[in-house]
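Welcome! Let's look at a protein chain together and ask why its parts get the labels they do.

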Amino acid sequence: MNRYFILLQKIHIHPLLWVMIGISIITANFKSLLLLMLIVFIHEMGHATSAHFFSWRIKAIMLLPFGGVAEVDEHGNRSLKQELIVVLSGPIQHIWLQGAAYLLQATNLVSLADYQLFTLYNVSILLFNLLPVWPLDGGKLLFILFSQYWPYKKAHFYMVATSIFFLSIYVLAILVYSPNHLNMWFITTFLIYSLYHEYKNRMYGCLRFLMERYYGNQDTIYRLKPIVVDESELIYHVLLQFQRGCKHLIVVERNGAKVSEMDENELLHAYFANKLTDSKVGDLMYAY
């Protein structure tokens with residue numbers, strides 16, 4: 001149990017949130033902010049606790065003015081099952097929170113008005129988090145789903161494209177139904193920036209995924225999936241076909257006929273250790 005208390009040391013409160021706390025006290029709205037912070041805190045601790053259970057590297061648990069985030073230093077080499085559990089561990093907290101609030105109201109420990117306010121916040125945060133937009137939990141679930149079927153790079157691209165589509169619908173909905181809601185625009189700006197940052201650093205993400213795979217930080221492999229390539233293909237292009245949760249056997253062909261087989265580690269070693277960044281797969285048939 002004590003090892004979970006370490007998580008408390010990783011909690012950071014954004015400076016702007018302190019400002020909001022001060023303003024809420026002055027304007028007598030502290031109760032509303034407290035309820036929101038409590039829900040967000042428990043949501044993020046759900047992610048952090050399950051990530052800690054699987055020995056993920058947790059960088060920080062940030063409480064922001066408009067939400068929170070459990071930052072982890074993992075890059076796609078944990079199993080999809082683990083990642084699914086970690087992502088769902090946030091939304092699941094809202095279920096027991098709602099049950100606890102109901103019991104407190106039923107026993108008259110909290111007023112009906114406070115219970116209704118809590119329910120509004122709790123359900124709103126839950127539904128908003130499940131929107132299929134990166135970096136919300138819904139966006140992460142989308143990435144897990146796409147990773148089941150496509151290589152890391154392609155799954156990531158589809159995730160970003162799908163997120164942009166649903167974010168556009170979300171923005172249109174704000175423009176139509178709540179164009180003057182300042183908080184909604186703050187959150188939307190944050191989502192647009194996060195999505196842009198994710199797209200801008202997409203190749204960095206791919207390289208981190210491949211590096212951790214090479215240095216042995218990959219979790220259990222459940223599937224063997226051959227990749228058929230021509231000997232003239234660049235090693236780098238073949239590496240970009242690597243998929244999460246799969247172990248690859250590289251089948252090398254010349255003019256459509258099989259001439260060699262390689263383990264994926266041979267390509268990773270050639271690229272990262274031997275710095276053969278511009279070499280072709282066919283070069284390795286003679287080098288090894």
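Q: What share of the residues in the protein chain is buried?
A: Of the 288 residues in the protein chain, 41% are buried. Keep in mind that this is a predicted model.

Q: How many helices and strands does the protein chain have, and what box do its C-alpha atoms fill?
A: The chain has twelve helices and eight strands. Its C-alpha atoms fill a box of roughly 75 × 50 × 30 Å along the principal axes.

Q: Which domains does the domain assignment give?
A: The assignment gives domain 1 (1-130), domain 2 (132-219) and domain 3 (224-284). The C-alpha centres of domain 1 and domain 2 lie 20 Å apart, and their contact takes 22 residues from domain 1 and 21 residues from domain 2.

Q: What share of the contacts between residues at least 6 apart in sequence joins residues at least 24 apart?
A: In the protein chain, 62% of those contacts do.

Q: Why is Glu264 called buried?
A: Buried means under 20% relative accessible area. Glu264 has 1%, so Glu264 counts as buried. Its place is in helix α11 (residues 264-272).

Q: What does the side chain of Glu264 have in polar contact?
A: A polar atom of the Glu264 side chain lies 2.9 Å from the backbone nitrogen of His248. A polar contact needs N or O atoms within 3.5 Å, and this pair, at 2.9 Å, fits that limit.

Q: Which residues of α11 are buried?
A: They are Glu264, Leu267, Leu268, Ala270, Tyr271 and Phe272.

Q: What makes Asp263 a cap for the N-terminal end of α11?
A: A side-chain oxygen of Asp263 lies 2.8 Å from the backbone nitrogen of Asn265. Set against the 3.5 Å limit for a polar contact, the 2.8 Å distance qualifies.

Q: Why does Ser260 count as buried?
A: The relative accessibility of Ser260 is 18%, and the cut-off for buried is under 20%, so Ser260 counts as buried. Ser260 lies in strand β8 (residues 257-263).

Q: What does Ser260 touch, leaving aside its neighbours within four places in sequence?
A: Ser260 is in contact with Ile250, Val251, Val252 and Met285. Here contact means heavy atoms within 4.5 Å.

Q: Why is Lys59 called exposed?
A: Exposed means over 50% relative accessible area. Lys59 has 52%, so Lys59 is called exposed. You will find Lys59 in strand β2 (residues 58-64). Not counting residues up to four places away in sequence, Lys59 touches Glu71, Val72 and Asp73.

Q: Why does Lys275 count as exposed?
A: Its relative accessibility is 60%, and exposed means over 50%, so Lys275 counts as exposed. Lys275 lies in the loop between α11 and α12 (281-287).

Q: How do you know that the side chain of Lys275 makes a polar contact with Phe272?
A: The Lys275 side chain reaches the backbone oxygen of Phe272 at 3.2 Å. The limit is 3.5 Å, and 3.2 Å falls within that limit.

Q: Where does Lys275 sit relative to Lys59 and Gly99?
A: The C-alpha atoms of Lys59 and Lys275 are separated by 30 Å, with their places 216 residues apart along the chain. For Lys275 and Gly99, 176 residues apart along the chain, the C-alpha separation is 56 Å.

Q: How do helix α2 and helix α3 meet?
A: The axes of α2 (residues 15-26) and α3 (residues 30-53) come within 8 Å and cross at roughly 145°. Leu17, Met20, Ile21, Ser24 and Ile25 in α2 meet Phe30, Leu33 and Met37 in α3. These contact residues divide into seven nonpolar, one polar and no charged.

Q: Where does UniProt place the feature "transmembrane region"?
A: The unreviewed UniProt entry places this feature at residues 16-42, 115-136 and 157-176. In the model, residues 157-176 are 100% helix and 0% strand, with end C-alpha atoms 29 Å apart. Residues 115-136 are 68% helix and 0% strand, and their end C-alpha atoms are 26 Å apart.

Q: Where does UniProt place the feature "domain: Peptidase M50"?
A: The unreviewed entry gives residues 33-105 and 115-167. Over residues 33-105 the chain is 64% helix and 18% strand, while residues 115-167 are 79% helix and 0% strand.

How values were computed: Residues are numbered from 1 along each chain as its sequence is written. This is a predicted model: local features need pLDDT of at least 70, side-chain atom pairs count only at pLDDT 80 or more; totals for chains, interfaces and linings use all residues. Side-chain values use heavy atoms; hydrogens and water are left out. UniProt positions are given in the numbering used here, feature names are shortened, and annotations may be inferred rather than shown by experiment. Helices (H or I, at least four residues) and strands (E, at least two) are DSSP runs, numbered from the N terminus. Buried means under 20% relative accessible area, exposed over 50%, partly exposed in between (1.4 Å probe, protein chains only). Axes are lines fitted to C-alpha atoms, for helices over the stretch in contact, and angles run from 0 to 180 degrees between N-to-C directions. Ala, Val, Leu, Ile, Met, Phe, Trp, Tyr, Cys and Pro count as nonpolar, Asp, Glu, Lys and Arg as charged, and the others, Gly among them, as polar. A polar contact is a pair of N or O atoms within 3.5 Å; within protein, one must be able to donate a hydrogen and the other to accept it, and residues adjacent in sequence count only if both atoms are side-chain atoms. Domain bounds come from an automatic or database domain assignment.
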